[in-house]
2 protein chains.
Amino acid sequence: MNVSDSSLPRLVIIGGGFGGIQLARSLRNQACQVVLIDKRNYHTFQPLLYQVASAGLEPDSIAYPIRKVFRNQKNFVFRNAGVQHIDPVQQKVVTDAGELSYDHVIIATGSTTNFFGMEKVSRYSRSMKSIPEALDLRSLMLEHFEDSLLTHDLHERDALMNFVIVGGGPTGVELAGALAELKTHVLPKDYPDLDVRRMNIHILEGSDRLLPTMSKEASTASYKFLTGMGVNIWLGTRVSDYDGHTVSNDSGKVLLAKTLIWAAGVKGNTIGGLDPMVKSRGNRILTDAYNRVKGHSNVFAIGDVAMMPSEAYPDGHPMVAQVAIQQGKQLAKNFKAEWQGKAWTAFGYRDKGSMATIGRNKAVADLPRFRFQGFFAWFVWMFIHLISLIGFRNKVITLFNWAWSYIHYDKGVRLIIRPSKKRKKDPDEMAAVSPSGTP
Amino acid sequence: MNVSDSSLPRLVIIGGGFGGIQLARSLRNQACQVVLIDKRNYHTFQPLLYQVASAGLEPDSIAYPIRKVFRNQKNFVFRNAGVQHIDPVQQKVVTDAGELSYDHVIIATGSTTNFFGMEKVSRYSRSMKSIPEALDLRSLMLEHFEDSLLTHDLHERDALMNFVIVGGGPTGVELAGALAELKTHVLPKDYPDLDVRRMNIHILEGSDRLLPTMSKEASTASYKFLTGMGVNIWLGTRVSDYDGHTVSNDSGKVLLAKTLIWAAGVKGNTIGGLDPMVKSRGNRILTDAYNRVKGHSNVFAIGDVAMMPSEAYPDGHPMVAQVAIQQGKQLAKNFKAEWQGKAWTAFGYRDKGSMATIGRNKAVADLPRFRFQGFFAWFVWMFIHLISLIGFRNKVITLFNWAWSYIHYDKGVRLIIRPSKKRKKDPDEMAAVSPSGTP
């Protein structure tokens, strides 16, 4: 790979998510060369992906070109390539566009959808971990509405209008809320000749409450909000199989649905070349308290892909943006300390709390000192997400879209945009063309 | 196809472009059932497609869901399906979702890219007639920049950084201007480690001037503007072949380019089932002065696809939005006249003039009474395009994006969004998956 040689130490960061971006930013003005490699040319603000999938925002509001983030950072180089594996002996990263040597390599590859080995579920269901997947889900859901007007078969129509979300975590809850608002406020006006009441939104959650990682209050409030919005919630229910039409589950209830959204788990998105011993629970890479990969001196892992057991988090930190950001910051501080001949500091996670939004005026928040639900939580949620977006332009366009939707009970971008000219009818053909659900 | 029966006459409109939308709108409050069929669920504002391709706007600014246009129109039905052919004897439209009977059918299928039978050009070049095509072109151009940083081969790099536009009409001129601005204002900041001066933009035009359908003043001014912005213009030059790498042309100059954008012609996008005698020049459907297809009593064609020879336009009207809109309006008036027992009125085109924008403060305008170029033309161009966009939200977001770009010399949406996870390297595989054909 073509990167100018430099006498300075070269740090290669793999992945432009929250962790990788933060680390590279924190290393500006340092005497090192920072190379960031990503197969995409943009950073994705994942917490708002569900709004792209539910026709509330366009991708440009939540995606930001990586080159633009680093425009004024002189020691930064971006390369748009997919990483195949690393070679710790020769200190090289092997990509589909050639090799690149490193002095330090930081794996910040995040997480990927975990189907827990269920091949058919992975094949026929949708996930929502990237912008292409979110766009694909948006098109699919709108297509199912259009198709339900074209069929005479009532069972088929029900299956087209049933939306099953597996997983009652923040992603599942937020998407269910957004779909319920589409059903109430948007679709009846768009489809006057369709009985939109027949549309059913289901959440299937394996544990005994929604938002199991949050407080009891948050679980209770989100349950109340969602049932009030007409969402069917099935707690203690696990999906065992899905053939693209019937959702098999352990509750005994038969669910027919052409759309199954899998939000039930993620696993580390590791790369090859590491000692197999470092692979830990959830496919994450075992590190010490300095994000150094076990058994390697100059290989690091941060964010979702890193498993750093600690006293407070014996099973590793939660796979959320805040951990990635804080680890990126801390690792940059440690590199600086090393170059100044100082000692490294162990990582300590400062939990800033968690939030989930369900709909207009409805959110839940567990902050370190306060727990609250309803309008104020919704307002705080919007404010925090808005200021977290990169770039003033993205903030303005997102704020405008939110304000517009709020005032008009509308969602702006109900566009079915498909790459190929022909709409695919055969599920296998579809899986081959689009990223969604491909195992 | 599933459309409720009605005792009122059923008008089926095929295509939701400028003509189809206008006709359906003009028939509101009439005692008829209006069914619009389109394979896409949105109307595309084609004059701004080049801004989507050149990273200035996202699709949602120039696309508008068809259902939303007609939300309050009670006699309107939309069906999202592809039309295969019509059956004038049985008075049926045959779609990929079943058949639909009609009392009157209106073909408003617009135009499609004309490669004049050059199979290899059609295979390896890009066109820009739809939103998926424009998005694909955007991703391809950005990928070529990224790839030019990954190669050591200088010839390959030049080919990646050469952009050849075939056709010096409004589309070609506007796209060339937008690319020249990307080159000057955006790319040097995004790619500090690339010699952006090596990027070359070429326009190849077969006739002896740019904008051949506009005034001499417009041609001269656009030539001056574009050369001043560094665009290479080759007049009197025709492309004979393209293999994905070498652009064969009759000037003797060898042009290497991985990106060839074909904006050299369109042809009518006809559908099957009509008497072959009605097919006329440019694959357009021959109609009388009332847009009635020759030899049919209740089949009509409007807009680009219609060939209506008249005294003022013996070879048919220009294939522009204004003709489609005015024909849609006129045909609606004629239907109303018929239902009131009045006589039909022949169509007369009122040419409102034409405009093209080249870059900041640079446009050319031929209005019926005035011709002007430069800042004022640019301002008028922006104003007219802004008010022509459907929906207040689209107007606001487009205005904001334009103002932002103008102040910051920036383009917001430099995102490479590809449907598949893996970037395809094999040309045939790529052509099969995405409309882009990297050779």
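Which residue follows α10(B), and what is the sign of its phi? The residue is B:G341, with a positive phi near 75°. The model is predicted, and the helix before this glycine is described next.

Helix α10 of chain B covers residues 321-339. Its 19 residues should span 27 Å at 1.5 Å a residue, and the end C-alpha atoms are indeed 27 Å apart, so expectation and model agree. The buried residues of α10(B) begin with a run: B:V323, B:A324, B:I325, B:Q326, B:Q327 and B:G328 are among them. The others are B:Q330, B:L331, B:A332, B:N334 and B:F335. These buried residues pack against one helix, α1 (18-26), and against the strands β9 (104-107), β20 and β21 (306-307), each of chain B.

A second helix passes the length check. Helix α6 of chain A (residues 131-148) has 18 residues, which should span 26 Å at 1.5 Å a residue; the end C-alpha atoms lie 26 Å apart, in agreement. Most of α6(A) is covered, with 14 of the 18 residues buried.

The relation between the two chains was examined next. Chain A is superposed on chain B by a rotation of 180° with 0.0 Å of shift along the axis, at an RMSD of 0.0 Å. The copies are therefore related as by a two-fold rotation axis. Both copies use the same surface: 98% of the contact residues of chain A recur in chain B.

The contact draws 47 residues from chain A and 48 residues from chain B. On the side of chain A that touches chain B, the elements giving two or more residues are α3 (59-62), β4 (63-65), α4 (66-69), β5 (76-80), α6, α8 (170-190) and α12. Of these, α12(A) gives the most, with 5 residues. By class, this side of chain A divides into 24 nonpolar, 9 polar and 14 charged residues.

The α12 helices meet across the contact. Each covers residues 392-408 in its own chain, and the two axes come within 11 Å and cross at roughly 170°. Angles over 145 degrees count as roughly antiparallel, so α12(A) and α12(B) are roughly antiparallel to each other. From α12(A), the contact residues are A:R393, A:V396, A:I397, A:F400 and A:W404. They meet B:R393, B:V396, B:I397, B:F400 and B:W404 of α12(B). The residues of this helix pair divide into 8 nonpolar, no polar and 2 charged.

Contacts between the chains also involve a loop. B:L150 lies between α6 (131-148) and α7 (154-160) of chain B. Leaving aside residues up to four places away in sequence, B:L150 touches A:M1, A:N2, A:R79, A:A81, A:A97 and A:G98. B:L150 counts as partly exposed because 19 C-beta neighbours lie inside 10 Å, and a buried residue needs 20 or more.

Positive phi values also occur at two asparagines. A:N361 has a phi near 65°, a positive value in a residue other than glycine. A:N361 sits in the loop between β22 (354-359) and β23 (362-366) of chain A. With 14 other C-beta atoms within 10 Å, A:N361 is partly exposed. B:N291 likewise is not a glycine, yet has a positive phi of about 65°. B:N291 belongs to the loop between β19 (285-286) and β20 (299-301) of chain B. Here 27 C-beta neighbours lie inside 10 Å, so B:N291 counts as buried.

How values were computed:
Residues are numbered from 1 along each chain as its sequence is written. Chains are lettered from A and ligands numbered from 1 in the order in which they are written. This is a predicted model: local features need pLDDT of at least 70, side-chain atom pairs count only at pLDDT 80 or more; totals for chains, interfaces and linings use all residues. Helices (H or I, at least four residues) and strands (E, at least two) are DSSP runs, numbered from the N terminus. The expected span of a helix is 1.5 Å times one less than its number of residues. A residue is buried if 20 or more other C-beta atoms lie within 10 Å of its own, exposed if 12 or fewer, and partly exposed in between; C-beta atoms are placed from the backbone. Copies are superposed by least squares on the C-alpha atoms of residues with pLDDT of at least 70 in both. Two residues are in contact if their C-beta atoms, placed from the backbone, lie within 7 Å. Axes are lines fitted to C-alpha atoms, for helices over the stretch in contact, and angles run from 0 to 180 degrees between N-to-C directions. Angles under 35 degrees count as roughly parallel, over 145 as roughly antiparallel, 65 to 115 as roughly perpendicular and the rest as oblique. Ala, Val, Leu, Ile, Met, Phe, Trp, Tyr, Cys and Pro count as nonpolar, Asp, Glu, Lys and Arg as charged, and the others, Gly among them, as polar.
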